[in-house]
Amino acid sequence: MKQRSSITYSFALLLLLFLFMVQSLQAQEFTAPRFMAQWGGLGAAPGQFNRPLGIALDAEDRIYISDTENQRIQKFTTKGKFISSWGKPGKAKGELDRPMHLTVAPDGKLYVAEYGNDRVQIFEPDGRFVALLGTNGTKIGQMDAPGGVAVNRQGQVFVADFYNHRIQVFSADLTPLPPIGKKGRIFGGRFNYPTDVAVGPQGFLYVADAYNHRVQKFTPQGGFVRKWGRGFGVGLKGASPGAFNVATAIAADAKGHIYVADFYNNRIQVFTSEGEFQVEWGKKGTGPGEFDRPTDMAVDSKGNIYVVDFGNHRVQKFSPLGVK
């Protein structure tokens with residue numbers, strides 16, 4: 001009996017050691033991305049920014065930036081070459097009031113969340129107006145300062161409804177559907193000023209639950225799956241790996257890595273689709289690879305990473321994960 005217990009104990013130790021080695025190898029697989037380039041600077045000329053906030057890439061790797069205080073969308077190549085821009089202050093179709101996070105849908109159309117106009121506008125890649133959804137309010141289909149938007153392969157639209165503490169859902173024909181979540185802390189499915197949403201390659205929905213300092217994951221149907229952040233994502237801010245001080249934006253790449261803009265910690269953190277920490281980079285500053293409150297990131301077809309550096313009025317480009 002004692003011999004059997006000893007064998008079982010030894011086997012358990014070997015198994016734990018194996019798992020530890022596997023996790024260590026996985027953790028060592030990724031290194032902080034290397035700074036490659038930057039563009040922008042404070043101003044209103046083409047290619048300059050005034051508090052840029054959101055970024056999205058289309059299937060041809062063209063980059064769209066929400067130039068928030070300039071009330072416009074700017075379009076660039078992956079080398080930072082200016083292509084075009086559109087938008088001006090206002091409430092009419094095609095006009096903008098504090099454009100926030102944005103996304104390119106599978107059909108190529110650009111969706112822009114407008115914080116000031118309580119709506120989402122849809123544009124063609126060249127800036128031509130297509131449609132809008134949402135009005136100010138608390139009813140289904142209404143919004144109060146939307147911060148982010150995502151579109152899945154089926155054409156469903158998800159909107160981070162900031163002051164209503166929920167995720168608004170619309171069908172592919174833009175019909176409002178029951179929202180996800182309500183105001184709260186600690187428990188899954190409760191939000192405290194959600195700022196952004198992203199759809200992963202398997203269709204799962206990821207939410208930057210900003211002032212709960214965490215990320216939440218949901219099924220494509222809106223069912224809660226898991227949450228992560230400091231203390232198992234119960235709403236505590238922090239600065240250690242895997243903790244957040246206002247998780248302000250979220251993105252998923254084609255391999256399922258989840259990127260989070262950690263606003264006041266001035267860094268980008270990367271996780272697996274299950275919330276396991278992988279790598280982080282950045283610190284407060286104005287130099288290459290440093291940030292002043294990063295607000296969004298996106299990944300191109302080659303794996304290069306682009307970060308919107310809000311306070312430094314610029315975009316920074318980094319090498320893919322794992323490249324020294």
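## Loops, strands and nonpolar packing: exercises

Asp61 is located in the loop that joins β2 (52-57) to β3 (63-67); strands (E, at least two residues) and helices (H or I, at least four) are DSSP runs numbered from the N terminus. The model is predicted, so that local features require pLDDT of at least 70 and side-chain atom pairs pLDDT 80 or more, while totals for chains, interfaces and linings use all residues. Residues are numbered from 1 along each chain as its sequence is written, and side-chain values rest on heavy atoms, with hydrogens and water left out.

**Exercise 1.** Characterise the backbone and the burial of Asp61, then of His213.

*Solution.*
- Step 1: Asp61 is not a glycine, yet its phi is positive, at about 65°.
- Step 2: Asp61 has a relative accessible area of 14% and is therefore buried (under 20% relative accessible area; exposed is over 50%, partly exposed in between; 1.4 Å probe, protein chains only).
- Step 3: His213, also a non-glycine residue, has a positive phi of about 55°, and its place is the loop between β17 (205-209) and β18 (214-218).
- Step 4: The relative accessible area of His213 is 6%, so this residue is buried.

**Exercise 2.** Determine where Thr77 lies and which residues it contacts.

*Solution.*
- Step 1: The loop between β4 (72-76) and β5 (82-86) holds Thr77.
- Step 2: Its relative accessibility is 24%, so Thr77 counts as partly exposed.
- Step 3: Thr77 and Asp61 are 16 residues apart along the chain, and their C-alpha atoms are separated by 7.2 Å.
- Step 4: With neighbours within four places in sequence set aside, Thr77 is in contact (heavy atoms within 4.5 Å) with Trp39, Ile63 and Ile83.

**Exercise 3.** Describe the surroundings of Glu95 and of Thr103.

*Solution.*
- Step 1: Glu95 belongs to the loop between β5 and β6 (99-104), and at 17% relative accessibility it counts as buried.
- Step 2: A polar atom of the Glu95 side chain lies 3.2 Å from the backbone nitrogen of Lys91.
- Step 3: Beyond neighbours within four places in sequence, the contacts of Glu95 are Lys88, Pro89, Gly90, Glu114, Asn117, Arg119 and Gln121.
- Step 4: Thr103 is part of strand β6 and, at 16% relative accessibility, counts as buried.
- Step 5: Residues up to four places away not being counted, Thr103 touches Ala56, Lys109, Leu110, Tyr111, Val149, Ala150 and Val151.

**Exercise 4.** Identify the residues and elements that build the largest nonpolar core, and the contacts of Val307.

*Solution.*
- Step 1: This core (buried Ala, Val, Leu, Ile, Met, Phe, Trp, Tyr and Cys residues joined through side-chain atoms within 4.5 Å) has 15 residues, and those with the most contacts inside it are Tyr259, Ile268, Trp281, Met297, Ile305, Val307 and Leu321.
- Step 2: Two or more residues of this core come from each of β20 (247-252), β21 (258-262), β22 (267-271), β23 (277-281) and β25 (305-309).
- Step 3: Leaving aside neighbours within four places in sequence, Val307 is in contact with Ile268, Trp281, Phe291, Pro294, Asp296, Met297, Arg314, Val315, Gln316 and Phe318.
- Step 4: Another core lies apart from this one and has 13 residues, among them Ala105, Val120, Ile122 and Met143.

Notes: Polar contact = N/O pair within 3.5 Å; in protein donor to acceptor, adjacent residues only side chain to side chain.
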